[in-house]
Amino acid sequence: MRIWNGSNNAFLCWSTLQRHHWSGRPAGARFELVGLCPLHEETRPSFYVNPRKNLFYCHGCGQGGDLIRFVQLSQHLSFRQSLTYLQEELAPSAPLLEHTAAFYQMELHRYPEGIQYLARRGVHDAVLIEELGIGYARGGNMRPHLQQLGYSLERLLEVGLIRPQGQDAFCRRVIFPCRQQDHIVNLYGRSIGDAFPHRLLPRSKGNLFAWESVRQFRNVILVEGLFDLAVLWQAGFRNTTCAIGAHLTPTQLAQLCENPDRCVYIAFDQDENQAGQRAADSLLQVLDKAGLKIRLVGLPAGHDPNCYFVAGASPQDFGHLLEEAPSL
């Protein structure tokens, strides 16, 4: 998708700044505006914007550049993620992803293999499954459904729901929708067969999972996978969130740092090859540098939270692991 032309620049510049509740007044130069900088605290306006040229500069913090640079700085995104962010401004994919997720939710109850896989992974609470919006992609029937709703094949290919060869990108996968401010920004699919286990759409994975409901907690449990999160929520540990993987994006790190008194319990996989342990050690250093309190949850060797519960552990057992987690 091409996003750059003169009219788009001005539109995107204004809409992006308005998300920060920015307002400006005319400056000396033609088409130039000045206001308080949205990138740092200030009381005297020093942030200059020229929407027609797609440029900004702040005389207070010294930051400047084009619209992509502003998005990088304000949203803590990479260059590539910033392009995706701006594409969403022009052609939001949230309605398409909402329709896709709703279809997969219906499919979960039409084909037994999805529910059977959830049961094997220890996820059986129907209310929780509904709350998390979990679905199932059988494959082969999503494309005609979405085309009946008016979405073109080109749009499905562009978002990544259909692969270039024409197949459903999430074929035979259990689906978790990833939300951000009440909008779906991505879909995570876990294979129930022999295909590569994990799949996300080629776009930002968004916030920490379910962050809007977890951010209220001072103590937060951080896990690697969404099935870890699902069994912990099912067991009553609603202060659990997930980065969908072992590495935090700058945005996700900033979310954990919103509360400087927060304590993060890292409950990563105890892999035989030490991959989960190395990831936990690396993250521990990042969180410690950010000034957060950290505790490392000592799961049994070879276990992650999901298989720990599947193996018969109780909420009390996991609660004991949290109590015993050393402060680092």
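**Note on a predicted single-chain model**

1. In helix 2, which covers residues 67-75, the buried residues are L67, I68, F70, V71, Q72 and S74. Please keep in mind from the start that this is a predicted model. At the N-terminal end of helix 2, D66 acts as a cap, with one of its side-chain oxygens lying 3.2 Å from the backbone nitrogen of I68. Beyond the helix comes H76, and the phi of H76 is positive, near 60°.

2. The chain as a whole holds 14 helices and 13 strands, and its C-alpha trace spans about 70 × 55 × 35 Å along the principal axes. How does the radius of gyration fit with a compact globule? For 328 residues such a globule would have a value near 20 Å, and because the chain has 22 Å, the two agree.

3. Two further totals describe how the chain is packed and covered. Buried residues make up 47% of the 328 residues, and the accessible surface comes to about 16,400 Å², of which 51% belongs to carbon and sulfur atoms. If one takes the contacts in the chain with a separation of 6 or more, 57% of them are accounted for by residues 24 or more positions apart.

4. Which residues touch the most other members of the largest nonpolar core? That core has 57 residues, and the ones in question are L132, V174, I221, I266, V297 and F318. Helix 10, residues 226-234, gives the largest share of this core, namely seven residues. A second core, separate from this one, has 19 residues and includes A101, L161, I162 and L201.

5. V297 deserves a look of its own in the viewer. Leaving aside residues up to four places away in sequence, V297 touches Y265, I266, A267, Q270, F318, L321, L322 and A325. Two of these, I266 and F318, are also listed with V297 among the core residues that touch the most other members.

6. Strand 4, residues 55-58, shows an alternating pattern that can be followed by eye: F56 and C58 point to one face and are buried, whereas L55 and Y57 point to the other face and are not buried. On one side, strand 4 pairs with strand 3 (residues 47-50) in the antiparallel sense over four bridges, and here V49 stands opposite F56. These two strands form a hairpin with four residues between them, and N54 in the turn has a positive phi of about 60°.

7. Strand 4 also runs antiparallel to strand 5, residues 64-66, to which three bridges join it. Where does Y57 find its bridge partner in strand 5? The partner is G64. This second hairpin has five residues between its strands, and within it G62 takes a positive phi near 80°.

8. R110 sits in the loop between helix 4 (94-108) and helix 5 (112-120). Is R110 buried or exposed? Its relative accessible area is 48%, and because buried means under 20% and exposed means over 50%, R110 is counted as partly exposed. The side chain of R110 makes a polar contact with the side chain of E107, at 2.7 Å. R110 and Y136 are 26 residues apart in sequence, while their C-alpha atoms are 9.2 Å apart in space.

Conventions: Residues numbered from 1 in each chain as written. Heavy atoms only, no water. Core = buried A, V, L, I, M, F, W, Y, C linked by side-chain atoms within 4.5 Å. Buried < 20%, exposed > 50% of the residue type's maximum accessible area, 1.4 Å probe, protein only. Contact = heavy atoms within 4.5 Å. Polar contact = N/O pair within 3.5 Å; in protein donor to acceptor, adjacent residues only side chain to side chain. Rg over C-alpha atoms; globule rule 2.2 N^0.38 Å. Areas by Shrake-Rupley, 256 points an atom, 1.4 Å probe, with all protein chains shown as cover. Pairing = 2+ DSSP bridges.
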